Amino acid sequence: MEIASILICIFLFLSTLFSYYLIQRQKRNSMHKAKLPPGSMGWPYIGETLQMYSMDPNIFFATKQKRYGDVFKTHILGCPCVMLASPEATKFVLVTHAHLFKPTYPKSKEKLIGPSALFFHQGDYHISLRKLIQNSLSPNPNTIQKLVPGIEALVISALDSWAEGRKVINTYHEMKKFSFDVGFLAIFGQLDETYREKLKENYCIVDKGYNSFPTKIPGTAYQKALLARKRLGEILSQIICERKEKKTMQNDLLGHLLNFQDENGQTLTEDQISDNIIGVLFAAQDTTASALTWVLKYLHDNPKILEAVEAEQKTTYEANDVCKKTLSWAQIKNMPLTYRVILESLRMASIISFTFREAVVDLEYKGYLIPKGWKVMPLFRNIHHSPEFFSDPQNFDPSRFEVGPKPNTFMPFGKGVHACPGNELAKLEMLSLVHHLVTKFRWEVVGSQSGIQYGPFPIPQHGLPARFWKESNQSQTQLGGH
Ligand code: HEM
């Protein structure tokens with residue numbers, strides 16, 4: 001009797017194992033039947049990297065999409081890639097099958113930011129950190145709503161300095177300083193001046209080295225950046241130590257990071273906190289600065305829209321006794337035209353043209369094989385510029401946002417588990433800057449007004465050199481630069 005039951009158990013075990021094997025084999029066979037997407041892989045090793053950089057990368061992708069359709073393969077930057085240019089494919093990678101695609105960055109970049117920064121991760125660590133960062137940057141009364149007066153003070157000080165002596169400024173460089181200061185405010189609240197300067201100085205060296213060639217040769221931009229990153233860690237460690245000693249709970253991002261405990265009561269290490277501070281600063285600065293530079297460029301190039309934005313902002317300006325009162329959250333939320341201008345600028349410029357993920361298993365999408373280890377790139381810009389979703393896509397037309405875009409066709413802040421947690425802060429910065437700019441200042445663009453430069457995000461040629469000045473008669477209706 002005992003032997004019979006043992007035999008039955010062995011039989012059941014073996015038949016389960018056999019069925020599992022059959023299912024897996026069937027899966028593998030069907031996967032092997034799936035073919036790679038159409039496209040070309042270029043030369044061995046270099047692939048099509050040179051072609052991509054010899055033309056504008058956006059034109060490279062658009063040309064390929066025209067030739068091969070919404071799903072195509074290529075080989076760039078040393079990696080075989082599948083490009084995806086449809087809303088459904090983007091949703092597949094970033095939302096419904098996000099667990100099958102991991103974020104992927106070069107190790108050299110990871111070293112500069114810090115390996116524990118949230119965007120290098122997925123899974124439990126990512127989920128809990130993301131929740132924390134999202135909470136600290138959410139538009140509720142205790143978080144970014146509280147930052148409105150501080151952001152306004154930074155806007156006013158930046159605009160006043162640009163207008164001083166009507167000198168020509170590099171708009172993008174100035175926007176970088178401004179977005180850095182806002183990032184600092186969101187992370188540290190009010191920070192001691194000595195720490196500020198030290199952090200700023202070292203962060204600038206890291207920033208310069210980020211897009212340089214990674215090498216071990218001393219004295220190169222990359223090596224200088226690594227040394228500056230180490231110093232940043234030391235300064236942040238002192239700041240963290242002081243905060244812990246004071247034992248005051250502050251509602252800024254550092255306060256949230258210090259207060260974090262996972263379900264097992266585990267807190268974050270100093271390195272994890274530092275990596276995430278540098279990560280957030282990094283994610284916040286160039287993106288917001290590029291977006292703001294484009295907003296100014298599009299307003300400048302579209303005088304009628306600028307006039308309408310000024311009229312909208314004037315109502316708020318007058319309600320606030322010509323800026324004697326600070327903007328309220330309700331006023332920030334009630335700037336419909338300005339908001340649509342910002343959305344349309346984000347669509348037109350598509351600052352994050354695409355993102356990278358890596359397939360963690362062999363998988364199939366619409367009959368095409370995406371092999372394990374291949375990079376997958378949702379092409380946001382191609383979708384934002386498709387006439388199928390945005391009529392006359394090259395035309396700057398904020399009114400198109402009077403109606404909400406179709407699902408997964410407008411993703412300036414990404415989509416899914418890694419979508420931008422800083423989007424509300426970025427919009428707040430932009431709305432506040434446009435408010436003060438159009439109600440009190442005028443500006444003109446100097447030199448050539450067309451062309452795009454990559455740094456690495458797209459920016460107007462030469463960073464949009466411009467001259468700003470204070471409007472002497474603020475009731476005048478004639479608008480800046482025109
Ligand atoms: C106009 C300005 C901005 C744009 C266009 C932008 C865009 C994006 C996009 C497209 C992603 C997703 C990337 C991906 O899926 O691979 C992202 C992620 C992220 N952004 Fe932003 N961003 C902006 C401003 C900010 C600001 C102001 C902050 C913080 C203060 C911020 C913090 C982050 C972080 C931490 C992530 C990583 C999220 C994660 O991996 O879970 N961003 N951003």
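Two residues are in contact if their C-beta atoms, placed from the backbone, lie within 7 Å. I put that at the top of my notebook for the helix entries below. I also note that this is a predicted model.

**Entry: helices on the sheet**

I looked up helix α4 (residues 87-96) and found it lying across β1, β2, β3, β5 and β8 (375-378). Its direction is at about 125° to β8. Then I turned to helix α3 (residues 57-68), which lies across β1 and β2. Helix α3 runs at about 140° to β1.

**Entry: the sheet itself**

In what order do the five strands of the open sheet come? I read β1-β2-β8-β5-β3, with mixed pairing. At the edges I found β1 and β3 (101-103), each of which pairs on one side only. From one strand to the next, the twist averages 35°.

I followed β3 to its partner, strand β5 (residues 357-359). The two pair in the antiparallel sense, over three bridges. I picked Phe-101 to trace one of these links, and its bridge partner in β5 is Ala-359.

**Entry: two positive phi values**

Next I checked backbone angles. Leu-77 is not a glycine, yet its phi is positive, near 50°. I located Leu-77 in the loop between β1 (71-76) and β2 (79-84), so I had already met both of its neighbouring strands in the sheet. Is Leu-77 buried or exposed? Leu-77 is partly exposed, because 14 other C-beta atoms lie within 10 Å, and a count of 20 or more would be needed for buried.

Asn-408 also has a positive phi, about 60°, although it is not a glycine. I found Asn-408 in the loop between α16 (380-384) and α17. Asn-408 counts as buried because it has 20 C-beta neighbours inside 10 Å.

**Entry: around the ligand**

My last stop was the ligand, with 27 residues around it. Which of them come nearest? I listed Phe-119, Ala-283, Gly-414, Cys-420 and Gly-422.

I then asked which helices each supply at least two residues of this shell. They are α6 (124-136), α8 (171-188), α12 (270-301) and α17 (423-440). The most comes from α12, with seven residues.

How do the shell residues divide by type? I noted 18 nonpolar, eight polar and one charged.

Technical notes: Residues numbered from 1 in each chain as written. Predicted model: local features only at pLDDT ≥ 70, side-chain atom pairs only at ≥ 80, totals over all residues. Near = placed C-beta within 6 Å. Helix = DSSP H or I, 4+ residues; strand = E, 2+ residues; numbered from the N terminus. Nonpolar A, V, L, I, M, F, W, Y, C, P; charged D, E, K, R; others polar. Buried ≥ 20, exposed ≤ 12 C-beta atoms within 10 Å, placed from the backbone. Pairing = 2+ DSSP bridges. Axes fitted to C-alpha atoms, helices over the stretch in contact; angles between N-to-C directions.
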